[in-house]
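Let's take a walk through a protein together. Have a look at the picture first, turn it around a little, and then read on.

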Amino acid sequence: MAEPAPVDAPSPLRNALKLGGSLLVTYVIGFGLQVLVPRLLGPESFGQYNWANGTSAAFFILSALGLDVYIRKEVAVRREHASEFFAGTLLLQVVLAVGLLGAMGVALRGEGKPPEVLTLVLLLGIYQFFFRLNAILAAVLHAHEKVDGLSVAHVLMKCIWGFGLGLALLLRAPLPWLAAPFIGAEVFKAVFLFHLTRKHAGLRLNLDVRATTGALVAALPFFINEAALATNGRVDVMVLGLVANTTEVGYYGAVWGIAGLTMLLSPILGWVVLPMMSRAAATSQEEFTSILRRGLEGIVSLSVPVTLALALGAETWVQLLIGEDYLPAAPVLRLLAPIFVLTYVATVCGSWLMADNRTWTVTRTSILAAGLNLVLNLLLIRPFLAWRGLTGGASATALSLAICEVVVTLILVSAIGQRAWDARSKAVLGKTLGVCAAVTAVHLLLGQLGLDSSTLLRGLARLVVDGVLYVFLILLTGAVRKDEVLGVVRMVRNRRKPQASTQPPPSEARAA
């Protein structure tokens, strides 16, 4: 049996920083367009665009196959394994894509949507095929820890997409043309990533039916889990558009774009943490548990302040980023904001359980959440519309998702048990929650004293006070240790310097 690849903690950290740097650039471009598109299209047209995107993604959930997660877990310790099944799964994906495009055309024909919206759905289905193919190619590079070219691909792809979409918006092109930049960018990325996987990972197109079947069977729990997770983010949009209307989808999608700011680290967790945990599980149980605990501690420290800022300043962020036309959706943003802390915790716990060969625990939890989310949407959307009127349906969808994330997080943390938290991480969590409570109290008091969110300037001023107070209290209580933050910065900086070799010269090695 081949020896498992050794765990090199600085290497995953460097890879995370490289990917994070590229993601920061792409998020700046993507977020700029996320706030520009709603402004230029308005709630109704943006709702049609967002519904088409969510519907195409909901159908193409079936083409995911779970291979990207499977690759990060298995190819991380068996480097040549990807070449055994890639060609077969690629052929299957092509067949699935053709069938799903046909199924979408038939299923949506009688829904009463405008022809241009249905055309956009089909074109975005083509984009979904290349998007999922690129996720698989990227996973191969993640498993081999070859991310330099991947970082470049992220940036170039986002530039192509951003320029193309911005041009289509400025020229006021018909709605279906908004899909062209998505397709073009993903096709470019697919060609680039295929070259990188052949060069750095030795990926070959060898059609092996037995190996392909074996990989698909082994990836089945990952596929079901991924499909269930995607259901929470896509099917609810499709249901909202069908049960309510596309204007509700427009409000929901616009504030979801703002809330997505908090998900900057999510791709990095999937790309880096699972391969690192898989290698640690094969070599050191102590390190395996330590990665989990310190990962949860770090996630809480990084995500909570951003989430708190979104929740407290919902009206201000909506006014600043997408305009006053979307102010009715500010309560929806407030409902969405806490979801992302829970999502991060669930992602880290889920990765640990997968690396511990308890994938079906994660899968069953995701299936439960997907079913619960669908039921809650069907039960709540119409009553909330009658109760709240405008944005009532969007509020129901946000609340449904929040309830599901609470359930998922509780189940996954309980499945790990006491290994998830030690005294240190519990202290960090308790102190962070205490600081959040104090900042919230001061925020409400400032509103009573006249520094409210009635104008954009007052709202921004109150958020500045909130931020200064949060940083002061978090350092004062020791929830975030300044020496540890500086230590990480020094370690990363030192890794860039040439290191003296610790290996003996070749002649001494041979003599020994």
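Among contacts in the protein between residues at least 6 apart in sequence, what percentage join residues at least 24 apart? The answer is 85%. Keep in mind as you look that this is a predicted model.

Now for the overall make-up. The protein has 20 helices and 0 strands, so to speak a helices-and-no-strands affair. It has 512 residues, and 51% of them are buried. As for the outside, about 22,700 Å² is exposed, with carbon and sulfur atoms supplying 67% of that area.

Let's start with helix α2, which covers residues 67-74. Is this helix largely enclosed or exposed? Count its buried residues and you get 8 of the 8, so α2 is largely enclosed by the rest of the structure. The buried residues of α2 are L67, D68, V69, Y70, I71, R72, K73 and E74.

Next, find A282, which sits in helix α10 (residues 266-283). Its relative accessibility is 44%, and because buried means under 20% and exposed means over 50%, A282 counts as partly exposed. Now look for V77: 205 residues separate A282 from V77 along the sequence, yet their C-alpha atoms are 8.8 Å apart in space.

Moving on to helix α11 (residues 285-312), you'll find S303 there. With a relative accessibility of 5%, S303 counts as buried. Which residues does S303 touch, if you leave out those up to four places away in sequence? They are V341 and Y344.

Finally, let's see how two helices meet. Helix α12 (residues 314-321) packs with helix α18 (residues 456-477) at an angle of about 125°, and their axes are 9 Å apart. That is why α12 and α18 are described as oblique to each other. The crossing that α12 makes as it passes α18 is left-handed. On the α12 side, the contact is made by T316, W317, Q319 and L320, while α18 brings L456, G459, L460 and L463. Sort the residues of this contact by class and you get 5 nonpolar, 3 polar and no charged ones.

Here's a handy thing to remember when you look at such a list. An α-helix has 3.6 residues a turn, so residues three or four places apart point the same way. With that in mind, go back to the α18 side of the contact and pick out L456, G459, L460 and L463 in the picture.

Methods:
Residues numbered from 1 in each chain as written. Predicted model: local features only at pLDDT ≥ 70, side-chain atom pairs only at ≥ 80, totals over all residues. Heavy atoms only, no water. Axes fitted to C-alpha atoms, helices over the stretch in contact; angles between N-to-C directions. Helix = DSSP H or I, 4+ residues; strand = E, 2+ residues; numbered from the N terminus. Parallel < 35°, antiparallel > 145°, perpendicular 65-115°, else oblique. Left-handed = near helix turned anticlockwise from the far one by under 90°. Contact = heavy atoms within 4.5 Å. Nonpolar A, V, L, I, M, F, W, Y, C, P; charged D, E, K, R; others polar. Buried < 20%, exposed > 50% of the residue type's maximum accessible area, 1.4 Å probe, protein only. Areas by Shrake-Rupley, 256 points an atom, 1.4 Å probe, with all protein chains shown as cover.
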